[in-house]
Amino acid sequence: MKEYQSLSHTRWDCKYHIVFIPKRRKKRIFGALRKHFGEIFHELAGHRESKIIEGHLMSDHVDMCIRIPPKYAVAQVVGDIKGKSAIHIARKFAGRQRNFTGENFWARGNFVSTVGLDENMVRAYIRNQEQEDERYDQIKLGV
C-alpha cells in the first residue's frame, strides 16, 4: 500500500520530476560544487516541508524527484531551491557578501512533470541517466 502524507484536512502523495540547468547550460556543476549541492538542495527543500526522494547532478543540469505538499506551489519550491542555492554558492565559493543584480547561476525556468504511478520508472531514469547519456554519445559517435 502507498504511503500517504497528511496535513490537517488532506491525505496526499504529490511527487514531481524536476529538471533545471545552469545559465547558458555551462558545465558548472562539478568538483566541490557538485558535492555541496546535494546537501544544500535537501536542506532548502526541507524549508518548504518537501523532500527530495531521488536526485542526480549532471555536469550541466540537475534532475530530481521531489515530494511537495499541496499547500505549496511547485514553482515556489523550485524557485526557492534555485534562488537560495545560487546565493549560498555565490557567498561560499565566489567570495560574494552581497548579491548583485544580473548575476545568476541558474537559467530561468525549469521542466516539471507529475510522477504519478510511474515513480519507480522516473527514479530509475534519474539514477541511471549518466550511463545512458554516455551510451548515447558512443552510439552517436559511431564508436
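**View 1. Ile18 and its contacts in the predicted model.** In this predicted model, Ile18 touches Val62, Asp63, Met64, Ile66 and Ile68. Its partners also include Val74 and Val78. Asn110, Phe111 and Val112 complete the set, with residues up to four places away in sequence left out of the count. Ile18 falls within strand 3, which spans 15-20.

**View 2. The largest nonpolar core.** Which members of this core touch the most others? They are Ile18, Phe20, Phe41 and Ile66, out of 26 residues. Several elements each supply at least two residues of this core: strand 3, helix 1 (31-47), strand 4, strand 5 and helix 2. Another core lies apart from it. That second core has 5 residues, among them Ile53, Cys65, Val115 and Val122.

**View 3. The open sheet.** Four strands form an open sheet in the order 4-5-3-6. Their pairing is antiparallel. Strand 4 (51-57) and strand 6 (111-114) are the edges, and each pairs on one side only. From one strand to the next, the twist averages 15°.

**View 4. Strand 4 against strand 5.** Strand 5 covers residues 62-67. It runs antiparallel to strand 4, and 6 bridges join the two. His56 stands opposite Asp63 of strand 5. Asp63 also appears among the residues touched by Ile18.

**View 5. Helix 2 on the sheet strands.** Helix 2 is made of residues 74-93. It lies across strand 3, strand 5 and strand 6. Relative to strand 3, helix 2 runs at about 45°. Helix 2 also supplies at least two residues of the largest nonpolar core.

**View 6. Helix 3 on the sheet strands.** Helix 3 takes in residues 119-141. Which strands does helix 3 lie across? They are strand 3, strand 4 and strand 5. The helix runs at about 30° to strand 4. Val122, a member of the 5-residue core, falls within the span of helix 3.

**View 7. The whole chain.** The chain holds 3 helices and 6 strands. From the N terminus on, its elements follow the order β-β-β-α-β-β-α-β-α. Of its 143 residues, 37% count as buried. Among contacts with a separation of 6 or more, 71% come from residues 24 or more positions apart. The accessible surface comes to about 9,300 Å². Carbon and sulfur atoms account for 51% of that surface.

Terms used
Residues are numbered from 1 along each chain as its sequence is written. This is a predicted model: local features need pLDDT of at least 70, side-chain atom pairs count only at pLDDT 80 or more; totals for chains, interfaces and linings use all residues. Side-chain values use heavy atoms; hydrogens and water are left out. Two strands pair if DSSP finds at least two bridges between them. Axes are lines fitted to C-alpha atoms, for helices over the stretch in contact, and angles run from 0 to 180 degrees between N-to-C directions. Contact means heavy atoms within 4.5 Å. A nonpolar core is a set of buried Ala, Val, Leu, Ile, Met, Phe, Trp, Tyr and Cys residues joined through side-chain atoms within 4.5 Å. Buried means under 20% relative accessible area, exposed over 50%, partly exposed in between (1.4 Å probe, protein chains only). Accessible areas come from the Shrake-Rupley method with a 1.4 Å probe; for residues, only the protein chains shown count as cover.
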